[in-house]
Every structure is written in structure tokens, then in C-alpha cells.
Amino acid sequence: MWAGSIGRILVTTSTVSRATQRWVLVLGAVASMMAALDTLVVATALGTIREDLDASLATLEWTVNGYNLSFAVLLITAAVLGDRFGRRRMFAVGLGVFVAGSAACAASGSVGVLIAARVVQGVGAALLMSLALTLVSAAFPAERRGWAIGVLEGVTGLAVACGPLIGGAIAEGLSWQWIFWVNVPLGLLAIPLALTRIPESFGSDTAVDGVGLLLVTGGALGVVWGLVRGNIAGWSSPEVLSTLGGGVVLIAVFAVWESRTRTPMFPVRMFTSRGFAAGNTAIFLTYAALFGAVFFYAQFMQLVFHYGPLGAGLRLLPWTLTLFFCAPIAGALADRVGERPIMAVGLLLQAVGMGWLALIADPAMAYGALVPPLVLSGIGVSMAIPTAQSAVVGAVEEGAIGKAAGANSMMRELGGVFGIAVVVAVFAGFGGYASAADFVAGFVPAVAVGAALSLCGAVVALALPGRAAAVPSPADTGEFAKVLE
């Protein structure tokens with residue numbers, strides 16, 4: 001049985017050519033970009049969608065939450081399906097599901113159909129995000145993996161940060177439907193390329209643990225549902241308490257089940273690895289701070305400086321562009337000196353940048369004063385994201401990379417949902433939208449919480465195991481330009 005499982009791992013990093021590695025990286029980056037972009041792309045188009053579909057604010061909220069729920073809940077399931085049925089095959093299926101969901105979103109004539117289509121999109125996004133990281137991690141050897149993940153996450157981070165900008169620009173210049181139509185040609189082009197350019201691979205353990213799958217899916221659903229509903233239904237409401245509590249109980253039962261079953265879908269012993277545990281905790285805190293910042297920074301530009309959605313997004317470029325350009329460099333540095341110093345310093349820089357922004361935020365301030373802390377925060381998060389993910393997938397054997405990547409992706413999305421829930425609650429407790437001054441009164445403590453989350457992440461990063469410097473790969477940063485060509 002063991003020999004049969006090994007036989008199904010059709011490729012290893014030593015057999016993958018440089019040309020194939022580039023295809024895997026490009027297609028993984030494109031797919032991750034689409035999935036990440038649609039997390040927040042509708043945020044600045046909600047007003048237009050509400051008017052066009054005659055939707056209430058309560059139902060409109062689910063055009064965002066429906067996507068995030070199915071996306072976050074199914075990430076580990078997606079990794080397990082990839083290990084069992086083939087990572088390339090399920091990646092292509094994810095592209096197909098995402099394209100179908102996007103087309104249904106664009107063609108929807110009612111808010112109910114739009115919400116259902118967004119849930120379908122989220123299913124496809126879970127397959128894309130989880131398997132893109134798995135495929136890239138498996139295609140590149142350990143000494144080049146940090147650089148490759150840096151490229152992947154640079155593109156993904158840029159998509160997350162630019163989602164509101166792109167959504168606002170498309171809604172203003174064309175119509176909100178084009179937010180979704182743009183995914184269709186990209187996805188249709190990527191499907192045949194994925195099937196012909198990416199080698200097939202499987203996980204070392206291809207058994208499907210049905211009970212474990214139901215437990216982890218139900219647990220994640222309860223936790224995510226409680227987090228997204230907390231600020232609306234009330235944190236002490238029976239709905240939120242029961243879903244959060246039920247989710248935590250199911251995850252605890254899942255951990256017990258997986259430690260005792262003969263064919264675990266997710267070996268809990270992974271969490272005994274310092275690299276795996278610390279990397280996942282750090283990425284949770286990193287994305288909690290990042291999503292909170294994405295949620296409020298664009299609003300700050302609009303409500304304090306009175307820019308439109310497009311103008312606000314453009315003035316956030318000092319922050320967002322660093323995610324794209326610095327992440328590959330940070331990943332390459334981590335390949336040479338190890339993840340611990342890069343991640344710890346990166347999260348410390350993000351904490352300083354966000355804390356600086358909280359200290360200077362004022363309704364009468366000039367835009368130029370925001371640029372230095374925005375750049376500092378962007379550099380910091382660009383250092384943290386690829387190194388955390390490299391630490392996680394590097395802490396397990398090659399056959400378990402898929403499960404490690406799935407767990408990491410789920411921790412990332414859970415962190416994002418948690419971060420938005422926390423900063424929105426803090427904002428509501430101190431400020432509001434009545435005026436620019438009222439908004440800043442809530443914005444300052446909300447951003448300060450983001451800084452505190454980043455600082456906690458920096459402390460966690462110190463728990464990562466150190467390692468000897470790897471042999472430098474020739475011209476890693478130069479190859480970034482080749483990937484973009």
C-alpha cells in the first residue's frame with residue numbers, strides 16, 4: 001500500500017524542469033489573483049449593485065459573505081481532494097467552477113441568484129487558492145521555494161489590496177457585471193494550459209476520511225459564520241454564540257478523531273512541528289491585520305480626503321505596490337538566511353507602520369503624511385506572507401505538502417475574517433460615519449488593533465526554528481522579471 005501511494009506522486013521537485021516550474025508559477029499566480037481579487041472586489045460596487053438589483057443592505061451583505069464562507073470553509077477539503085484525485089485535475093476543476101460562478105454572477109438578475117453564484121465562486125476559489133500553493137511548493141526545490149512563493153504571494157497580496165480599487169474602477173467606467181465577466185476569458189484560457197503545462201501529482205496519502213471531512217467542514221463553517229455575523233447579529237446573540245461554540249467543539253472533535261483514526265485526512269502531529277505551528281499562527285495574525293487595513297484604508301481616503309473609489313485606490317499604491325515587488329525579494333532572502341528573521345522583522349515593520357498611521361491620523365492631515373507609514377507597512381507584510389507559507393510547507397515531507405498548504409490557506413482566510421470582525425467591532429465602539437472626525441475617531445483604535453496583531457505575529461515568528469543558510473540560487477530576483485514577460 002505504501003509503495004502504491006508513493007507511485008502516485010508522479011513528479012518530484014528534482015524532475016521538474018525550469019520551463020515547467022515557470023508555467024506552474026504563472027498559472028498558479030493567475031488563479032490565486034482571481035480568487036483573492038474576488039474576496040473584496042465587490043466592496044466598492046455594492047451601492048451600484050443595490051440600486052440595480054433593488055437589494056436590501058441585509059441581503060447585499062451576503063454577496064460578500066457568501067463567497068468568503070464557501071471559500072474559507074472548503075480550503076482543507078480542496079487540498080484533500082487534490083491529494084486524492086490529482087492536484088492538476090482538481091486545479092482545472094476549480095478554474096471551471098470559478099468561471100461558471102463568475103458568469104452566473106454577471107448574468108444574475110436578482111440578489112438571490114447573485115448570492116448563490118458567489119457561493120459557487122467561493123467553491124472554485126478554495127480549489128484554486130489551496131492547490132496553487134500546493135503545486136508551486138511541490139514544483140520548486142527547498143532552496144528556491146521561498147522565492148517562488150514570494151512571487152505567488154506578491155501577486156495574491158496585490159490582488160487582495162487592489163480589490164476595492166479595481167471593483168470601483170470597473171463599476172464607474174463600465175458596469176458592476178464586468179467585475180465578474182473579466183474572470184471568464186482568463187479562466188477559460190488557463191484551463192487548457194493547466195492541463196497541458198502542469199505535471200500531475202498526488203499526495204502520499206490518498207484515502208478520503210469522510211468523517212474527518214464532515215467535522216472540519218462543519219467546524220470551519222461554524223467559526224466563520226459566527227465571525228461574519230458577530231457585528232451584525234451581536235456577539236452575545238444565540239446565533240453567534242451557538243455557531244462559534246459549535247464550530248470550536250467540532251474542530252476539537254476533529255482533532256481527537258484524526259489522532260485516532262487509521263487513515264487521517266490531516267495528521268494532527270503536524271502541529272507538533274515548530275515551523276508548521278508557528279508559521280500558521282503567524283499567517284493568521286498577518287492576514288487579520290492585513291484584511292482589517294484593506295477594509296478601512298480605502299474608506300479613510302474616501303471619507304477624509306473625499307476621493308472617489310478610483311482616486312482612493314490610486315493613492316494606496318505606495319502600500320499595495322510594495323506587496324508585488326518586495327514579496328519575491330523577501331522570499332529569495334528567506335531561502336538564504338531562513339524564514340525566522342525575515343518574518344519577524346517584516347511583522348515588526350508592519351506593526352510600526354500601522355501604529356505610525358494610527359498616531360498621525362487626523363481629519364485635517366495632508367495625504368503626503370500617509371505615504372511613509374503605508375510604504376513601511378507594505379514592505380513589512382511583503383516580508384511576512386511568503387516566509388510564513390514557506391515555513392509551513394517546508395516543515396512537512398513532500399507528500400504532505402498539499403495538506404500543509406490547505407491548512408495554511410484556511411488559517412489565512414480565517415485570519416482575514418477574524419481581523420475584519422475585530423476591527424469593525426472596535427471601530428463601531430469608538431466612531432462612526434457621521435463625519436470625517438467621527439470616522440477618524442473609530443479608525444485610530446481600529447488600526448492600532450491591527451498594529452497589535454502584527455506585533456503578536458512578530459513574537460510568534462521568533463518561535464520558528466532557525467536553519468543554516470541555503471546555497472544561493474542563481475539570479476532568483478532576475479528570474480522574477482522573466483516570469484512576468
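**Salt bridges, a covered helix and a nonpolar patch**

A search of the whole structure turns up two salt bridges, each defined as a side-chain nitrogen of Lys or Arg within 4 Å of a carboxyl oxygen of Asp or Glu. The model is predicted, so local features need pLDDT of at least 70 and side-chain atom pairs count only at pLDDT 80 or more, while totals for chains, interfaces and linings use all residues. Residues are numbered from 1 along each chain as its sequence is written, and side-chain values use heavy atoms, leaving out hydrogens and water.

One of the salt bridges joins Asp38 to Arg118, with 3.9 Å between the closest N and O atoms. Because Asp38 belongs to helix H2 (residues 18-40) and Arg118 to helix H8 (residues 111-139), the pair ties together parts that are 80 residues apart in sequence. Helices are DSSP runs of H or I with at least four residues, numbered from the N terminus. Asp38 and Arg118 are both buried, that is, under 20% relative accessible area (exposed is over 50%, partly exposed in between; 1.4 Å probe, protein chains only).

Asp83 and Arg87 also meet through their side chains, at 3.2 Å from N to O, and both are buried. Asp83 is among the buried residues of helix H6. This helix (residues 75-85) is mostly covered, with eight of its eleven residues buried. After H6 comes Gly86, which has a positive phi near 110°.

Turning to the surface, Leu174, Trp178 and Trp181 make a nonpolar patch of about 330 Å². Such patches take residues with over 30% relative accessible area and no salt bridge, joining nonpolar side chains (Val, Leu, Ile, Met, Phe, Trp, Tyr) within 5 Å and like charges within 9 Å; accessible areas come from the Shrake-Rupley method with a 1.4 Å probe, and for residues only the protein chains shown count as cover. Trp181, found in helix H10 (residues 178-181), is partly exposed at 31% relative accessible area.

Key: Helix = DSSP H or I, 4+ residues; strand = E, 2+ residues; numbered from the N terminus.
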